[in-house]
Amino acid sequence: MNLHEESRPLVVVGAGPAGLCAAMEAAGAGLPPLVLDEGSQGGGQLVKQIHRFFGSREHGAGKRGFEIAVELVSGCLEGGAEIRLGHRVLGFFRDGRLLVDGGEGVFLLRPGATILATGAVERSFPFPGWTLPGVMGAGAAQTLVNLHGVLPGKRALMVGAGNVGLIVAYQLLQAGMEVAGVIEVSRRVGGYLVHAERLRREGVPLFLRHRVVAAEGGKEVESVLVEDMETGALKRFLVDTLCLAVGMAPQAELAAMRGCRLVHVPELGGFLPWHDREMRTDHPGVYVAGDLAGVEEASVAMDEGRLAGLAAARDAGVLDPGKAAARMREIGARLELLRGGPFGEPRRRAKERLCSLPGSARGREDGDRVRRKGRLKKR
């Protein structure tokens, strides 16, 4: 079977904040990209975020997520990028070609360079009753409410007091649902306190050191049994919706197909492609950005996307190395600020650890030699 094949100087997989920012930087530098996304709108997770963003002007501070998405898409198109929505990348072969399902047929793309910005997926965990209708990821509940105008139920319990759990719980309240509480296994709230205080003011209790024992019901969720991990006491919440906000994992399948080296970094979501500070993987011409390169805030995803776009343009020979370096320093300084403070510091250290690892097979051999040499010296 002969498939239609196209060649492009740069293909960006994923039209979320990282992919769009990568495309804008590359296009601005003279490397026009083709952006592919399986969704029907550009902007990724931004399109369903109705809260205002923190940060700086470069990160859309004071604007709502869906407003930032519109601006990024417009910026890409005005810069000369082509965006194809409803296009799913099925495969990334060892010879660098991409297999794409464009809705009306499957075709091959041969990119000069590829930026993977495939995002992350919601984590879950098994417990009795976890397959009952009414148990869902917090992101799924947010999509129902903010994109489709559909309430997932009447009364919800949220699991996870990180930013996603706190923000989605508040948005469920805004949409008209009752929120019975937020439970969290940790001793402290993982998200920003401003989000936690907003829920408390609305009368939503936060239960720290509590865990889900079971979701109960015949054909759907009717109640959730929760254990106080300090005392062992059990509580039963009469709810019809149980939302799980227990973390995200980088969506690394395409990178793995290509043969990129994967590294496990728990602070950044688990297995993700090794990359250097300029978002280059161990395969020349393959770059990563956004949650695929470590689950962090959308502001970080935007700036890492910009780094990937600059690196691709410079490596393609269309951007002066000096100009690229100056722009990268500017972005790097912003990333340092974003990763400051008690929330960002663990991720900053994890990123430093990741980038300091040898990337290529030759590099790994060199790294092994360095470690062996170090042990010999100690002896």
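Let's start with helix H4, which lies across strands S9 (155-159), S10, S11 and S15 (241-244) and runs at about 170° to S9. Helices and strands here are DSSP runs numbered from the N terminus, with at least four residues (H or I) for a helix and at least two (E) for a strand. Axes are lines fitted to C-alpha atoms, for helices over the stretch in contact, and angles between N-to-C directions run from 0 to 180 degrees.

Before going further, keep in mind that this is a predicted model: local features need pLDDT of at least 70, side-chain atom pairs count only at pLDDT 80 or more, and totals for chains, interfaces and linings use all residues. Residues are numbered from 1 along each chain as its sequence is written, and side-chain values use heavy atoms, with hydrogens and water left out.

Now look at the sheet under discussion. It is an open sheet of 5 strands with parallel pairing, in the order S8-S15-S9-S10-S11. Two strands count as paired if DSSP finds at least two bridges between them. Strand S8 (135-137) and strand S11 (206-208) stand at the edges with a single partner strand each, so one side of each has no neighbour in the sheet. On average, neighbouring strands of this sheet are turned by 20° against each other, direction ignored. At the S11 edge, 3 bridges join S11 to strand S10 (residues 178-184), and the two run parallel. One pair to find on screen is isoleucine 183 with its bridge partner in S11, phenylalanine 207.

Back to H4, this time with a helix beside it. Two packed helices are described by the angle between their axes and the distance between the axes. Helix H4 (residues 163-175) and helix H5 (residues 193-201) pack at an angle of about 35°, with axes 9 Å apart. Contact means heavy atoms within 4.5 Å. On the H4 side, the contact is made by Asn163, Leu166, Ile167, Ala169, Tyr170 and Leu173, and on the H5 side by His195, Ala196, Arg198 and Leu199. These residues divide into 7 nonpolar, 2 polar and 1 charged. For that count, Ala, Val, Leu, Ile, Met, Phe, Trp, Tyr, Cys and Pro are nonpolar, Asp, Glu, Lys and Arg are charged, and the others, Gly among them, are polar.

Glutamine 171 also has its place in H4. Is glutamine 171 buried or exposed? It counts as buried, because its relative accessibility is 5%. The cut-offs are under 20% relative accessible area for buried, over 50% for exposed, and partly exposed in between (1.4 Å probe, protein chains only). Leaving aside neighbours within four places in sequence, glutamine 171 is in contact with Lys48, Ile50, His51, Gln142, Val145 and Asn146.

Next, follow the chain out of S11. Arginine 209 sits in the loop between S11 and S12. Its phi is near 55°, a positive value in a residue other than glycine. Arginine 209 is partly exposed, with a relative accessible area of 22%.

That loop leads to another open sheet, where 3 strands pair antiparallel in the order S12-S13-S14. S12 and S14 are the edge strands, each pairing on one side only. Neighbouring strands in this sheet are turned by 25° against each other on average, direction ignored. Strand S12 (residues 210-216) is joined to S13 by 6 bridges. S12 and S13 form a hairpin with 6 residues between them, and glycine 217 in the turn has a positive phi of about 155°. On the other side, 4 bridges join strand S13 (residues 223-228) to strand S14 (residues 234-237). Glutamate 227 is a handy landmark: arginine 211 stands opposite this residue of S13, and leucine 234 is its bridge partner in S14. The hairpin of S13 and S14 has 5 residues between the strands, and there glycine 232 takes a positive phi near 85°.

Finally, turn to helix H7 (residues 298-315). How far should its 18 residues span? At 1.5 Å a residue (times one less than the number of residues), the expected span is 26 Å, which agrees with the 26 Å between its end C-alpha atoms. H7 is mostly covered, with 17 of its 18 residues buried. Arginine 306 lies in this helix and counts as buried at 9% relative accessibility. Not counting residues up to four places away in sequence, arginine 306 touches Cys21, Ala22, Glu25, Glu58, His59, Arg327, Ile331 and Arg334. Just after H7, glycine 317 takes a positive phi of about 85°.
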